[in-house]
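Please look through the sequence and the model below before reading on. The paragraphs that follow lead from a bound molecule to the strands and then to a few single residues.

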Amino acid sequence: MTTLKDLKNAELKSWLQGWVDLCKPTDVYICNGSKEEYDSLCDLMVKTGTFIKLKTPANSYLARSDKSDVARVEERTFICSKTEKDAGVTNHWKEPGEMMAEFNKVFDGAMQGRTMYVIPFSMGNPESPLAKYGIEITDSPYVVVNMEIMTRVSQVILDRIDAGHEYVHAVHSNGAPLADGQADVPWPCAPVEKKYISQFPEERKIISFGSGYGGNALLGKKCFALRIATVLAREEGWMAEHMLILKLTSPEGEVKYVTGAFPSACGKTNLAMLTPTIPGWKVETVGDDIAWMRFNEKDGMLHAINPEAGFFGVAPGTSMKSNPNAMKTINGGNTIFTNVALTEDYSYWWEDGDVKDPGNVVDWLRRPWNKANNPAGPAAHKNSRFTTPARQCPVIAPEWEDPEGVPISAILFGGRRKTVVPLVNESLSWEHGVFMGATMSSEMTAATLGGAGQLRFDPMAMLPFIGYNACDYFQHWLDMAKHRLCKKLPKIYYVNWFRRGEDGHFLWPGYGDNSRVLKWIFERCDGKAAANETAIGNLPTEDAIDMSGLDVSAEDKKTLLSVDTEGWKATLPQFKDWLDKLNKYGNMPKEIFAQFEELKKRLG
Ligand code: OXD
Ligand code: MN
């Protein structure tokens with residue numbers, strides 16, 4: 001076991017020592033990512049009451065959070081860049097010095113009575129030139145074991161960092177020190193107003209306080225692989241995106257790789273693991289949440305790696321019907337469940353899963369629950385999660401850890417639109433595709449502030465994840481087309497699985513039938529499938545999408561594949577307001593406004 005004293009790297013040593021001195025943990029443990037380490041931390045958490053060991057799946061555990069600590073806290077997430085302009089209007093900004101002064105107070109003694117864990121990790125296969133390393137300090141054993149599933153933790157990475165390999169500095173505390181003799185709670189955390197999820201982009205530094213929830217505490221994921229990585233990517237000429245990566249194989253055995261950006265709750269994990277309904281086609285998974293993409297020296301294509309090693313998926317709604325491959329991954333064992341219900345036979349349960357009535361369970365708030373007599377609300381929190389190793393996925397692509405990454409032929413954007421937006425729309429150019437991404441949006445329901453019909457914009461599904469000014473981020477997308485290594489850009493598509501008829505029924509079956517749209521995209525990339533150029537982009541011709549065996553009426557098919565000119569015209573003012581809002585500092589690329597004007601002109 002490596003101890004602080006064994007480290008040779010003066011910078012690393014003094015950084016760690018500085019946090020030890022401030023946080024005052026009882027002891028310090030440097031992780032090596034071994035199975036013994038994982039198992040012993042799980043055993044420890046069973047003893048302290050954080051974990052319940054399940055009978056099934058094998059080697060799996062259930063955790064229940066504090067009821068205030070169930071999701072990412074965007075209102076407590078800060079970009080601490082030097083200037084407010086660099087954070088832009090999509091982020092909360094705090095002056096770095098002010099934030100550090102606050103942290104020097106809240107971290108003082110924050111780990112008293114606890115162990116400080118030091119986690120050396122890699123985002124991506126550590127042997128890949130696209131990978132990046134990090135060290136996360138935390139006082140949470142729950143964070144350690146989740147990081148050991150979601151990232152690659154090993155002694156080799158520690159040794160390389162100790163020998164001078166660059167790394168992102170990440171610090172996390174649950175913010176719940178233990179006084180002498182004070183009893184612990186199963187899920188220590190700080191109240192919402194004391195939580196801080198802070199990124200310091202210029203210093204490649206992350207500091208997170210007060211929350212144990214995945215997106216706030218597993219700092220390799222959203223904080224590093226998106227917020228910090230977007231900043232690195234812009235400086236170094238690559239892309240860090242909130243995208244799934246899938247491998248598509250045709251009946252003839254030809255392969256193409258596709259990435260896709262969709263906001264939360266739009267079925268990204270389902271699409272990444274889809275079972276095609278069209279004969280002979282195959283989908284395999286490379287990643288379900290994040291893609292790092294870089295132009296390849298040899299073929300000039302954008303190559304993607306999945307920087308993660310596991311899936312941190314939303315549990316409710318996941319079933320053998322919606323996503324059999326996710327279920328098989330979970331049931332392969334080694335899974336951590338957070339905020340799902342516990343069954344009498346020590347297994348897991350959630351709403352809209354495979355078992356309709358679980359009998360008597362204990363809900364995520366630790367109360368007895370059954371269908372007939374539930375205290376209030378669902379048994380599993382609606383953002384309850386599974387953390388499970390990607391390598392267990394039955395359709396994981398054999399090349400998912402290829403150090404070179406996989407060459408991307410197409411990028412998908414999509415939101416949830418009941419009206420106006422067709423099933424699939426190919427951009428007229430890269431610039432038009434970037435405009436599509438910049439105006440990506442979903443309809444709000446009557447229940448959300450803003451009301452029905454209003455659009456909620458989520459550019460490239462990155463709204464809470466762009467670590468700098470969103471206008472500069474669009475400029476970076478545009479600049480990628482001029483990259484010195486670029487020989488072939490991916491084509492860009494906007495898809496919408498959620499279009500409804502006037503009576504509210506879904507026009508498109510979705511799920512495995514989305515493979516029909518993927519097939520059209522695959523063929524378009526080869527210049528084969530037919531399309532009509534329209535005012536909004538290239539739409540499939542009447543017969544271009546394989547609808548064999550599908551029960552979609554001729555009228556619905558027409559609605560799915562045609563341009564609702566009046567609907568688009570009515571949307572334009574919302575697009576304009578959105579772009580103007582982002583343009584507070586006057587740095588919106590002129591190409592984006594030009595694309596807006598051209599769309600307006602084409603619509604007539
Ligand atoms: C998210 C997630 O919040 O992937 O996007 O957890
Ligand atoms: Mn995500």
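A polar contact is a pair of N or O atoms within 3.5 Å. With that cut-off in mind, and remembering that this is a predicted model, we can begin with ligand 1, where an oxygen atom is 3.3 Å from an N or O atom in the side chain of histidine 242. Taken alone, ligand 1 exposes 210 Å², and the protein buries 89% of that. Two further residues offer polar side-chain atoms to oxygen atoms of ligand 1: for arginine 72 the separation is 2.9 Å, and for lysine 222 it is 3.0 Å. The residues that surround ligand 1 are Arg72, Lys222, His242, Ser264, Asp289, Arg385 and Phe465, and if this shell is sorted by class, it has 4 charged, 2 polar and 1 nonpolar residues.

From the ligand we turn to strand β16, which covers residues 291–295. Is this strand largely enclosed or largely open? A residue is called buried when its relative accessible area is under 20%, and 4 of the 5 residues of β16 are buried, so the strand is largely enclosed by the rest of the structure. Strand β16 has strand β12, residues 239–241, as an antiparallel partner, and 3 bridges join the two; in this pairing glutamate 241 stands opposite alanine 291. Strand β16 also pairs with strand β17, residues 302–305, again in the antiparallel sense, over 4 bridges, and here arginine 294 stands opposite histidine 303. The strands β16 and β17 form a hairpin with 6 residues between them, and in that hairpin glycine 300 takes a positive phi near 70°.

Another part of the model holds an open sheet of 5 strands, which follow the order β2-β3-β19-β24-β18 with mixed pairing. Its edge strands are β2 (51–53) and β18 (310–314), each of which pairs on one side only, and the twist from one strand to the next averages 20°. At the β2 edge, strand β2 runs antiparallel to strand β3, residues 61–63, and 3 bridges join them; lysine 53 has tyrosine 61 in β3 as its bridge partner. The loop between β2 and β3 contains proline 57, and the peptide bond that leads from threonine 56 to proline 57 is cis, with omega near -10°.

Two asparagines belong to loops that flank β19. Asparagine 334 lies in the loop between α10 (324–331) and β19 (336–338), while asparagine 339 is found in the loop between β19 and β20 (341–343). Each is a residue other than glycine with a positive phi, near 60° for asparagine 334 and near 70° for asparagine 339. How do they stand with respect to burial, buried or partly exposed? Asparagine 334 has a relative accessibility of 24% and therefore counts as partly exposed, whereas asparagine 339, at 3%, counts as buried.

A last stop is glutamine 454, which is placed in the loop between β27 (441–443) and β28 (455–457). Glutamine 454 is partly exposed, with a relative accessible area of 35%. Its C-alpha atom and that of glutamine 17 are separated by 51 Å, and these two residues are 437 residues apart along the chain.

Note on methods
Residues numbered from 1 in each chain as written. Chains lettered and ligands numbered in written order. Predicted model: local features only at pLDDT ≥ 70, side-chain atom pairs only at ≥ 80, totals over all residues. Heavy atoms only, no water. Buried < 20%, exposed > 50% of the residue type's maximum accessible area, 1.4 Å probe, protein only. Pairing = 2+ DSSP bridges. Near = heavy atom within 4 Å. Polar contact = N/O pair within 3.5 Å; in protein donor to acceptor, adjacent residues only side chain to side chain. Areas by Shrake-Rupley, 256 points an atom, 1.4 Å probe, with all protein chains shown as cover. Nonpolar A, V, L, I, M, F, W, Y, C, P; charged D, E, K, R; others polar. Axes fitted to C-alpha atoms, helices over the stretch in contact; angles between N-to-C directions.
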